[in-house]
Amino acid sequence: MRILMVCLGNICRSPIAEGVLKFKAKQHGLHWQIDSAGTESYHIGEPPHRFSQKICLLHGIDISGQRARKFVVADFSYYDKIYAMATDVYNEIEQIGGRQADMNKVSLLMDELYENENISVPDPWYGDEAGYAPVFDMIDKACEAIIEKSIQ
Ligand code: 4NP
């Protein structure tokens, strides 16, 4: 199972999602490949935002080794499942893929908890540190749901 978490910058939300799902998969002995990417180029090569790193560390998860990369068309064929953190990200993924976009593989992360309600993980980039805790909690619950479904 190969899973890709996607947001805009690949420095705030999707690095948390990558770190949390990796952590949970390992706890359950699931040998999944889990990565993340962004639909924008601004932060390519950068480590996760310091507040994303901080909230993950608070939960025992070290994401400092991650580096931002851009989502590419080849990701549609390589990954089994692609999770968009938000509806704008979902649309960007579709646009980047063009005719090669395999949208059957793509869903909103929050659909794992609230199917068809079109819920986005809010973008904490423009806010302060307080925004990162609720973002972590949403991502954590959705990742827990992914694990639960897979081990049923
Ligand atoms: P992310 O947050 O998509 O959760 O990584 C953002 C980070 C940077 C920007 C936008 C969103 N930006 O515009 O630079």
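This briefing covers helix α2, Ser14 and residues with positive phi. The model is predicted: local features need pLDDT of at least 70, side-chain atom pairs count only at pLDDT 80 or more, and totals for chains, interfaces and linings use all residues. Residues are numbered from 1 along each chain as its sequence is written, and side-chain values use heavy atoms, with hydrogens and water left out. Helices (H or I, at least four residues) and strands (E, at least two) are DSSP runs, numbered from the N terminus.

**Helix α2**
- Helix α2 spans residues 50-58, and its buried residues (under 20% relative accessible area, 1.4 Å probe, protein chains only) are Phe51, Ser52, Ile55 and Cys56.
- These four lie on the same side of α2, because they cover an arc of only 135 degrees around the axis, taken from the directions from the helix axis to the C-beta atoms.
- The face turned away from the buried side carries Arg50, Leu57 and Leu58, which are exposed (over 50%).
- The buried residues of α2 pack against α1 and α5 (132-151), where contact means heavy atoms within 4.5 Å.
- Gly60, just after α2, takes a positive phi of about 80 degrees.

**Ser14**
- Ser14 belongs to helix α1 (residues 13-27) and counts as buried because its relative accessibility is 0%.
- Leaving aside residues up to four places away in sequence, Ser14 touches Met5, Val6, Cys7, Ser36, Ala37 and Met85.

**Positive phi outside glycine**
- Most residues other than glycine have a negative phi.
- Asn10, not a glycine, has a positive phi of about 60 degrees; Asn10 sits in the loop between β1 (2-7) and α1 and is buried at 2% relative accessible area.
- Asn118 has a positive phi near 60 degrees; Asn118 is in the loop between β4 (106-108) and α5 and is exposed at 56%.
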